[in-house]
Amino acid sequence: MHLRLVMLGFGNVGRALARLLLRKADVLRDDYGLTFTVTGIATQSRGRAISAAGLDLAAALALVERGESLDALHAGLPVADTLALIDTCPADLFMEATWLNPRTGQPATDYARAALGRGCHLVTANKGPVAHAYRELKALANAHGTGFFFESTVMDGAPVHGIGREALLATTVQRVRGVLNSTTNFILTRLEEGVPFAEAVAQAQAIGVAEADPSTDLEGWDAAVKIVVLANVLMGADLRPADVDRTGISGITIGDAQGALRAGARIKLLCEAARDGDTVRASVRPTALPFSDPLSQVSRTSSAVTFETDTLHELTLIEGDTDPTTTAYGMLVDMINIARGRHRAGQSA
Ligand SMILES: NC(=O)c1ccc[n+]([C@@H]2O[C@H](COP(=O)([O-])OP(=O)(O)OC[C@H]3O[C@@H](n4cnc5c(N)ncnc54)[C@H](OP(=O)(O)O)[C@@H]3O)[C@@H](O)[C@H]2O)c1
């Protein structure tokens with residue numbers, strides 16, 4: 001199979017994906033019979049490029065890394081904006097890794113609608129479209145018989161959605177609990193070590209875990225978006241991030257963190273979605289977890305999730321420290337699964 005790929009976003013994740021595609025091209029061809037050309041790349045401020053014959057991905061990486069525009073690689077009439085590129089670029093599969101607005105899911109949700117509405121496959125690392133429009137986008141993909149995969153939206157490249165889709169069959173997920181936000185987990189670990197809150201935030205920023213404006217993480221928005229993704233995809237819920245009962249970590253002190261340790265527990269920003277009759281309720285809040293809980297053992301930038309189902313009871317997945325390549329890997333796995341037709345398993349005939 002040959003896929004024409006369009007990359008929306010060419011930042012940390014998009015460029016890591018480009019490097020991974022170059023590194024794994026032979027494996028994709030030899031092991032999966034999958035070849036590709038990248039026919040389009042869109043960014044916000046670093047230009048846009050379309051080439052029906054295929055862009056030189058190494059040249060695109062070099063341009064952006066030198067701070068130059070992708071426009072130099074563009075063949076044809078100018079493209080007004082990202083939506084225009086989505087509408088006109090020759091494409092089979094869009095790989096979306098643009099900016100996330102956790103409160104609205106835009107503009108990525110509109111990009112997802114446009115890509116799927118064209119009858120193309122979509123892989124996204126962006127939680128926004130899944131948290132804000134999962135049912136609609138999944139229905140759109142089903143109507144066209146195309147794939148809509150998003151492995152990297154929760155726990156980067158760890159196969160959380162792969163397990164849900166391929167392994168948790170004929171079972172009811174009763175509850176999902178997770179430690180899913182790296183910034184807050186890093187800060188809580190540093191508080192246990194006696195580092196003051198503001199210094200811990202600065203350290204998280206210095207190692208590239210926290211944004212320049214860390215409020216989305218500290219107030220629990222990123223965690224809320226992730227638990228909504230899990231609740232909607234794995235539990236059939238129809239929640240939005242604003243529905244989550246959400247408390248951030250700003251009120252936690254060194255004394256709280258070390259007091260919990262002395263009592264045999266660790267404070268984690270716990271994300272939880274649980275069935276309550278016919279509904280699913282979701283929360284994000286700092287919680288003292290006993291050492292016996294596997295989620296308490298996740299330190300610094302690691303993350304973990306525990307599924308409770310009516311058949312498996314408890315299944316925990318733990319992921320070590322991550323980087324943009326881990327996220328890009330989840331997108332690569334989604335691409336392979338689409339080429340293998342795995343999206344058809346979730347679509348009615
Ligand atoms: N970083 C991670 O490890 C990680 C992990 C899991 C999920 N994610 C998700 O992956 C996505 C990308 O993350 P990142 O770290 O790569 O972010 P980033 O470095 O800020 O890159 C974002 C890219 O999107 C582009 N962009 C922004 N708005 C756009 C628009 N309207 N149209 C076209 N392109 C647009 C930016 O353009 P410019 O180049 O002009 O700025 C940039 O190329 C986010 O949704 C994030 O939540 C990231």
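**Reading a ligand site and a few local features**

Me: Let's start with the ligand: how many residues surround it, and which are the closest?
Reply: In this predicted model, the ligand is surrounded by 23 residues, and the closest are S45, R46, T82, T98 and Y111. A residue enters that shell if one of its heavy atoms lies within 4 Å.

Me: How do the residues of that shell divide by class?
Reply: There are nine nonpolar, 11 polar and three charged residues around the ligand.

Me: Which polar side-chain atoms should I look at beside oxygen atoms of the ligand?
Reply: Look for N or O atoms paired within 3.5 Å. Here a polar side-chain atom of K127 is 3.4 Å from a ligand oxygen atom, and one of T327 is 3.2 Å from a ligand oxygen atom. The backbone takes part in the list too: a backbone N or O atom of V13 lies 2.8 Å from an oxygen atom of the ligand.

Me: How much of the ligand's accessible area does the protein cover?
Reply: On its own the ligand has 900 Å² of accessible area, and the protein covers 78% of that.

Me: And where does the ligand sit?
Reply: Its place is the largest pocket.

Me: Now the backbone. Which peptide bond is cis?
Reply: Check omega: for the bond from Q106 to P107 it is near 5 degrees, and that bond is cis. To find the spot, go to the loop that links strand 4 (93-96) with helix 4 (108-117), where P107 is found.

Me: Which residues other than glycine have a positive phi?
Reply: Two to look at are M155, with phi of about 60 degrees, and A170, with phi near 50 degrees. M155 is in the loop between strand 6 (148-149) and helix 6 (160-166), while A170 is in the loop between helix 6 and strand 7 (173-179).

Me: Is M155 buried or exposed, and what about A170?
Reply: The cut-offs are under 20% relative accessible area for buried and over 50% for exposed. M155 has 3% relative accessibility, so it counts as buried. A170 has a relative accessible area of 84%, so it is exposed.

Me: Let's try side-chain contacts. Where does N181 lie, and what does its side chain reach?
Reply: N181 belongs to the loop between strand 7 and helix 7, and it counts as buried because its relative accessibility is 4%. Its side chain reaches the backbone nitrogen of T183 at 3.4 Å. The N181 side chain is also joined to the side chain of D217 by a polar contact of 2.8 Å.

Me: Then what does the side chain of T183 reach?
Reply: The T183 side chain reaches the backbone oxygen of V209 at 3.3 Å. T183 itself is in helix 7 (residues 182-192), and with a relative accessible area of 2% it is buried. Reading the two residues together, you can trace N181 to the backbone of T183, and then T183 to the backbone of V209.

Me: One last residue: where is S292, and is it buried or exposed?
Reply: Find the loop between strand 10 (279-290) and strand 11 (303-309); S292 is there. Its relative accessible area is 67%, so S292 is exposed.

Me: How many residues apart are S292 and C120 along the chain, and what separates their C-alpha atoms?
Reply: They are 172 residues apart along the chain, and 46 Å separates the two C-alpha atoms.

Technical notes:
Residues are numbered from 1 along each chain as its sequence is written. This is a predicted model: local features need pLDDT of at least 70, side-chain atom pairs count only at pLDDT 80 or more; totals for chains, interfaces and linings use all residues. Side-chain values use heavy atoms; hydrogens and water are left out. Helices (H or I, at least four residues) and strands (E, at least two) are DSSP runs, numbered from the N terminus. Buried means under 20% relative accessible area, exposed over 50%, partly exposed in between (1.4 Å probe, protein chains only). A polar contact is a pair of N or O atoms within 3.5 Å; within protein, one must be able to donate a hydrogen and the other to accept it, and residues adjacent in sequence count only if both atoms are side-chain atoms. Accessible areas come from the Shrake-Rupley method with a 1.4 Å probe; for residues, only the protein chains shown count as cover. On a 1 Å grid over the protein atoms alone, a cavity is a set of points where a 1.4 Å probe fits but cannot get out, and a pocket is an open set with protein on both sides within 12 Å along at least five of seven lines; lining residues have an atom within 4 Å of a point. A molecule sits in a cavity or pocket if more than half of its atoms lie within 2 Å of its grid points. Ala, Val, Leu, Ile, Met, Phe, Trp, Tyr, Cys and Pro count as nonpolar, Asp, Glu, Lys and Arg as charged, and the others, Gly among them, as polar.
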